[in-house]
Every structure is written in structure tokens, then in C-alpha cells.
Amino acid sequence: MLKVENLWKQYVTEDGTPGGGVFGANFEVAEGELFTLLGPSGCGKTTTLRSIAGLEEPDRGRLALNRVDIFNSDKRVAVPSYDRDIGMVFQSYAIWPHMTVFENAAYPLKVSRNKRMSAGEIRAKVQAVLKTVGMEDYIDRPATQLSGGQQQRLALARALTREPKLLLLDEPLSNLDAQLREQMRAELLRLQRETGVTSIYVTHDQSEALALSDRIAVMNLGKIVQLGTPKEIYQRPTSEFVANFIGKTNLIHGNVHANVGVNASAKVSTPIGDLLAYFTAAIPAGARIGVVIRPENIDIQAAHAAPPAGMAAENRFEGVVEREVYLGEIEEYTVVVGKDVRVTVRTSPGKPIGVNDKVMVHFPPDRTIALIEE
Amino acid sequence: MESATTVSGGGAKWWRSAGARRQRSSWLVWVLAAILLAMVVPPFLYLLQTSFYNRSLDGTTLTYTLDHYIGLFTNPRFFEHALNSAWYSAGSALFAIVLGVIQAWIVERTNTPLRQYVFLFSVISLGIPDVLYTVSWILFFGRSGPFNAVMASITGANPGDPAFFDVYSVWGMIVIEGVGWTPLAFLLISSVFTSTDASFEEASTMSGATVRNTFRRITLPLAKPAVLAVAILIFIRTFESFEVPALVGVPGKFYVLTADIFTEVNRTMPPNYGVASAFALGLMLIVIGMLYFYGRATRRAEQFQTITGKGYRPRPLMLGKLRYATAAILVLFFFFIIVVPLSMIVWTSFQPFYRSFSVAALDTLTVKHYIAAFNSREVKESIFNTLYLGVGASLLTVAFSMICAYFSVRRYRGGWLLDQLATLPIIFPSIVLGVALLRVYLNIPIALYGTVLSIILGSVIRYIPYGMRYAYAGIMQVHTELEEASSISGARQMTTFFRVVMPLITPALVTCALFIFLIAVRSLSLPIMLAGPNTQVLSVTLYFYWLDGRLPVTAAIGVSWTAFMMIVSTIFYIVGRRTGMSVR
């Protein structure tokens, strides 16, 4: 549906030194998909989005919407924003203060040059769209009298009225307070599923990305570092950056003695002993390895208790609880394994384990991920 | 106990009501409020009293009368001249706004070369004294001035024919006053352009609107309230203006209200204070009415200028070859705002007697007027008086408004009152304040009449609203927690103020002081009412020299003074840039 090829945009700061940008982004978005660009601020996600919108002109690369070039630096094609048929929700919402709710939402239909509609048709269409976002009762209200959440809904309605080929969302929830954000997140997902509009969503909030997306592209320093479904990204990170950026994680250093192929399991020698780990990338013998494992994937039990039936014999280690933090729905332990490797473990609360207790921790081999050290 | 009831208020708001309950208070607030009242109320009351009384010829007895007001309504002069004022102000405001919008658009929205220098010359132009500025334009447009000479050679007119453009007319006034306001219009409107969120325009583009459609439906309507507010502001200030009406309007027999007030007081023997006061109150009433509309327009404009999100600077319009044309327009502006006024007076100051530009006149260049000017005791005195005035007025205004603004921003009990009172003097046009203060000084036992101090005090009253806006913005930038951290560290309140608040707001205050210095010394209307024979300031001296026909000396003094003032305004520009505060 949307194809982004080798997108390149270098910013230059006022004193002439190179700033951030995007350096060679490649990805494809399928029809009806909700695709997320996720990364820390300055990673190039917004630049990518604005290049697709046509608000920023890339230095080079190719953008194609439904196999038609909207930007192609080789062929010198650059379709202006207003002819791309792309809807966009801005971070600041950009609701025009000199118009009513109706006028805001009807604007795309009024200025559109190819789809001429009568006043009655426009009215009906706008009413229908406002209804889907729950704003039909505010249709004649001046835009300056809307709350943040209402502006957000209206911005969404405005982006959808002319049924664009593609919907772009630039951190749309970042200006809302926590409660409203969760509510709008669910609503956004419902609307996207109902309308089936292909969407690209930009955010720096990993939980938002995991909850909403069909697929996520994680970006860092202007490059896409991993692309996959939320599950793949979370469970099988291919780099330390992704592992750390998405959720809390433990990192244990080590190395491998033999070549390992992609998606294979192999032993990694670490300060606490050999660890059987899953390799998300091919790694040559002798490479420095970082083993990552999420706190909630580690099993913990009192050292004297019998291991549950079916638990693999590998990756079991003894340790001592150094710290215990009660977080409500979960309990977090810091366990010292071996001499001085500290591992964070999260588990449901209520286990009869306390500080200074001897424990047994187990790293399930398929959740223990080996990565090349950065 | 207390907190239990406030918490039940619900949600995250409980702490706010608790905070409001613990409102801080200080006796200083009431002292400051009393001082402000003493600044504003007596002038107003004396004005009111003067307008209702007749003084017997020997000046001893007062009789109550309504004559001055009856005169206002029966003599068509007041309404005729009010209409003249309106006509002249509307023309000037329109002129300045159109030029200002063109400049601001070129500078803020296109890739025109040289555009970064427009700010500099706009601010520098503030250094030219109003009287001098007006005089140079009169010379430029005068019968034998370069403009009419060029036009005559184009139209092929004979020497005896009437001039192509008669500067002593309402058109002359509008052009001179309008060009004079152009730098300020530019500065204010360009800040409107930069403070409007770029995503408003981007959202329109993403809705499928073309560049032209976006400009027509989004950019213009969004800028309209703010541009309207600037237009009303310039209209008000022109309505109150005195320099152009006195120097151009009076000889051209186009009378406006400010000139009338001056004439009744200074050109009538004995001074007709009653009529002047009635006129002044009428003028004030009109100004208050317009300030109401100004307030409404700014509130509407502020609604449109909420900067949110990441604040992307909009991509400037790539003009291609056309950008050399727009650059030429900017150069033309530079010419009309700086070069023309300056070159006229510089040329004149080096000539033995006034003569127009010509190659022959190059042989007669002389510096004798400079020597004469600097040997004159009168000139030297008025230079020193002007410096006293500028430094005194700016320091007093800044110190006073800083303390007022502090109590007001930090919401001390009664702080809002300080803010309101300090803003109140904007209802006094300079000339009105001049008359009113004159009445005060003549009637109080303290010997202030005719002293430089009296002009300083008048200027403080006049410019406190400006000082207040700068100080307010400066203190707003200092987060309360910075002060709280100082208190927690054991500093007493005074110590906190001097060691934490003061250093942080110093840049803002320096900008403010420079601005007030600039406007206090360039203005004529207040000093001309208050200055005594031995306490002339430069603007007044220049005015009387010009009236006496001592043109080259006027120019020589003016050139020297302008050179000094331009240095001050350049410093103002540099400091203002650093602190992010510009002209308001």
C-alpha cells in the first residue's frame, strides 16, 4: 500500500553542524494495517512521518502510495501535500480556532478539488463522521470551547472526513492526561478497525505501541533497528537498544565458542555459568554476547522447594534475595546470582520469599535471548 | 481538618484551593498601591476640577461653570477636530499596517535575501527623535525638497506651479506618521506570524487545500484579529500623537485635538486651562472607548495564538528569482525608514543655510553649526537635562514596576490591584497627562513646577504600563520553585528576592530600561507641557529652534543626538535579542 524506500533526510542546524534526521529508512505498510514508528525523541520517526505527509522534503529516496510515486528523488517527483490524499492528526491537534466544530470537520470536503459535494452531502457526511467519534452533539460549537479530549476527537474526525488513503497520527495522545489517554487509545483502535483505514502512528511510548499496533518499526538515530509484530519486538529483540527501550530487562555479558545460526539455541558462557539462549541473529564464534531476559520471564522459588514438573534442567541457578519491592499487582526481587550478578525478577505477589532467603532462579531457554554486544 | 474539606473537592485540584487559601501578604503592597493612586488620581481630579471652574483674571477666585462643556457641544470645533483626528489616525494606521504586513510577510514567510537585517534597522529607527524625524520628512516633501523637485522634472512643471505634493496637508501627516509607525507595526505583526502554530497551516495542506486556499482560509483569518489589534493600537497612539499635528498639521491648518489642547495652554495668553481640560477629558473618553476595543481584539487574538506541540518553523516560501524583487522592497523600506530621514538632516546640518541637494552646494559644506551648537550653553544644558530625564525615568520606572510586578505575579493579597493600577495610566494621552500634571504642580506647595524632576515623574506615570509588561513577563519566567528552594536553604524573603529573583530577571529589566529611555527622550508632548524656561530637554529645544527657523543648527544638534541614540537602540536590539524580549 505504502512503500518507503531508502528515505534520507539530513537536518543541518543553524551553525552548520549536522543535526538529526532519517538515514535510509525502508518499510512497507499493508492495506488496513496500523503501523507504528516507535523510538526515543530525535530518532527520526516524526521526520519520516512528515516526509510521507509531504510537509518535509526528503534529500533522497522513494515514497509510493498504491504503487504511484508521491516522492521520487531519481525521477524528481514530489506530489504536494494537498494532492497526496493523506489525512493527518497533529500532536497539537491544530484545530482552527476561527471555525466551529462543523467547519473544522467539513474543511477537507470544502477545499477538495476533485470531489465536489453539495452542501447537503457535506453536512450529512460530517454528521456521520462526528458521530463515529462521539462529537455529534457539539457540531455547532466554536472550536475554542473544546476540551483537550474533544479537540483530539475532532482532529481525528477531520482527518477521516474525506476518507483518505492513508491516515498519519503524530503522537496524538501525548497531550492528554493518563486516564483520558487510555480511553482514547481504545477508541482509536476501535475506529481504525471500523474504518479499516491504513494508518501510521508515531509515538515514543512503548506501551502505547504494543497495545495498538499490527506492526512496529523501532527507530534509533535515524535508522529502523527492528521491525515486527508487538510480540516479536517484545519477546525477540534483536539488539540491546530494542530490549532496553521496550520494557525493563536484565542483561548478562558472555561469549560463544562456536558459530551460531539465526533462530537457533546455543550455550553462552557467562560469569554465572553456561546459559542456554535463543539467537535472533547469526553470530560468529568468539563474539561478545549480551544475554537479555525480561524480569517477568524468570521463574523464582525457594531453594529448598522441589522444582515444578516439566521445568527444563538447564539455566537453573542459586542465588540470594538482596531486595524485595512490593508494587501492588507484582512483586519485584533483586537476586544476587554467582558472585556479583544482579538479576531483577518479577512475579505475582504472595510467594513466601523474603530478603536474604536462598532462592532458585530459572531462565526459560526460549525466553533467554542472545544478542551481539553493542 | 482544613485539608479534609478541601480534599473532598475532588481530583487533582485540591492543592490549588489549598494554595489559594494560604495567600501571602505584605504591607509593601498597600504602600505601592497608595503611591500608584497618588500618581493617577490627583492629575485626573485636577483635570476634572479645572474643566468645571472659571478663574477670575487676577487668578484668586474660582467660579463653578459648565461653559467649557457647553462650548464643546455648541462650537463645532471640537467635533470637527475630533473627526480630523480620526481621519488622520485611520489613514496613518492603515498606511503603517499595510507596510508592516508586507514587511513581516516577506521576512517571516519567504526566503528573501537580507531579510535578517530588517529587525535591526526597525529597532535602530526608534533612536531618531520624533521632532527630528518629522522635520526631515517635511524637508524631504517640502516645496523645494528633493521629492517635489524630482516630480517636477518628471511632470515638466514650471517653477511657479503649485508643488506636486503639499506636505502641509492631511496626506502629508498620514504619510509621515504612517511611515513612523511602520517599524513597530512590522515588529508586532512579525511576532504574530512566528507565534501562530505552523501546524494550523499544515493541517490545511493535509486536508487537500492548495497554498492559495490555505493562505485565504487559514493564514489570513488567523492573523486577522492580531493585525486588527495592532491597527487599533496604532490608531490610538496616532490619535494621541502630538509631534506631527504640531509640526505639520498646525502650519497646514489641519487641526486635531492634541494640537488644540497645546494651543489653549501654550499659545494663548493667559492660558485657557478650562477649555484645554474639557478638550483633554473629551480626548481621554475617546481613547478609553478605543482601548476597550483594543482589549477585545487582543483577547480574541490571544485565543488564536496558543503555541502547542513541537513548534516546527514553517518552511519558508521559495520565491525563486522573485526573491530579488522582494529584497528590493526591503531595501526600499530601509531607505524610507532610515536613509531618507537621516540624509536630509545630515545634509542640512553641513550647509551654511538651508538649501536643497545639489552638486553646487557641495562646495559650501561647513561644520560651523556643530561648533555653534556645542558652544551653546542652552544646548549643553538641554542635553544634560535630557540625560537626567532618560536615566531617571527609566530607572525609577523599572525599579517600581519590578516590585509591583513581583507582588502581582506571585499573587500576594492585593497584587491584582497593583497590576490594574499600574496599567491605568494608559488612558492618559501624553498631552493630556501634561496638562493634568501642570495643574497639579501649579496647585501643590512643593516646588516641582518647571523642574526636570517634574518631567521625570510625569514620564514615570506615562511609562509605568510599559515597564509593568516587561517586568511581568520577566518574573513569569522565574519558576516559583527557584524561590522556594532559596527559602528552604534558609534565606529570608528579602535575601531571596535580591539573590535569586533579581539576577534572573536582570536581562529583562535592562531591556525594559533601555526601551523606556528611548521612548522617554524622543517624545515631545509631555516635556513641552512640563518643561520650564531653564529646564528644556532636547526634543523641546529642537522644536523651538525649528519654529524659530534655525534649521541648520536644529539639524546639527539632531544629528549628534541621533548618533548617540542609535548606539543606545543598537544596544537595546542586542540585549533584547539575547533575552528574547522585544518591543511591545
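Start by selecting the hairpin of β18(A) and β19(A) in this predicted model. Three residues lie between its strands, and G338(A) there takes a positive phi near 65°. Now show both strands as ribbons: β18(A) covers residues 331–337, and β19(A) covers residues 341–347. They pair in the antiparallel sense over seven bridges. To see one of the pairings, pick V337(A), whose bridge partner in β19(A) is V341(A).

Keep V337(A) selected and look across to β17(A). Which residue stands opposite V337(A)? You will find G319(A) there. Strand β17(A) spans residues 316–326, and seven bridges join β17(A) to β18(A) in an antiparallel arrangement. Follow the chain round the hairpin of these two strands, where four residues lie between them. Stop at G328(A), which takes a positive phi near 95°.

Next, turn on the side chains of β18(A). On one side you should see E331(A), Y333(A), V335(A) and V337(A), while E332(A), T334(A) and V336(A) point the other way. Are these residues buried or exposed? All of them are buried, including the glutamates E331(A) and E332(A). With seven of its seven residues buried, β18(A) is therefore largely enclosed by the rest of the structure.

Stay in chain A and jump to Q206(A), in helix α6 (residues 206–212) of that chain. Q206(A) is partly exposed, with a relative accessibility of 24%; the cut-off for buried is under 20%. Leaving aside residues up to four places away in sequence, Q206(A) touches L38(A), F245(A), I246(A) and G247(A). For a sense of scale, draw a distance from the C-alpha atom of Q206(A) to that of A309(A): the two are separated by 35 Å and lie 103 residues apart along the chain.

Zoom out to the whole of chain A. Colouring by secondary structure brings up eight helices and 21 strands. The C-alpha atoms fill a box of roughly 80 × 50 × 45 Å along the principal axes. Of the 374 residues, 53% count as buried. Switch on the surface and you are looking at about 16500 Å² of accessible area in chain A, 49% of which belongs to carbon and sulfur atoms. Colour the charges too: chain A has 42 positive and 45 negative ones, with mean positions 4 Å apart.

Now select chain B. How many helices and strands does chain B have? Its secondary structure comes to 25 helices and two strands. The radius of gyration of chain B is 26 Å, close to the 25 Å from the globule rule for 584 residues, so this chain is as compact as a globular protein of that length. Its C-alpha atoms fill a box of roughly 90 × 75 × 50 Å, and buried residues make up 54% of the chain. Among contacts in chain B between residues at least 6 apart in sequence, 78% join residues at least 24 apart.

Repeat the surface view here. Chain B exposes about 26800 Å², and carbon and sulfur atoms supply 67% of that area. Its 42 positive and 25 negative side chains form two sets whose centres lie 9 Å apart.

For the last stop, hide the surface and centre on S122(B), in helix α6 (residues 118–124) of chain B. S122(B) is buried, with a relative accessible area of 0%. What does S122(B) touch, not counting residues up to four places away in sequence? Show Q103(B), P183(B), F186(B) and L187(B) to see these contacts.

Technical notes
Residues are numbered from 1 along each chain as its sequence is written. Chains are lettered from A and ligands numbered from 1 in the order in which they are written. This is a predicted model: local features need pLDDT of at least 70, side-chain atom pairs count only at pLDDT 80 or more; totals for chains, interfaces and linings use all residues. Side-chain values use heavy atoms; hydrogens and water are left out. The radius of gyration is taken over C-alpha atoms; the globule rule is 2.2 Å times the number of residues to the power 0.38. Buried means under 20% relative accessible area, exposed over 50%, partly exposed in between (1.4 Å probe, protein chains only). Contact means heavy atoms within 4.5 Å. Accessible areas come from the Shrake-Rupley method with a 1.4 Å probe; for residues, only the protein chains shown count as cover. Lys and Arg count as positive and Asp and Glu as negative; His and the chain ends are not counted. The place of a charge is taken as NZ of Lys, CZ of Arg, CG of Asp or CD of Glu. Two strands pair if DSSP finds at least two bridges between them.
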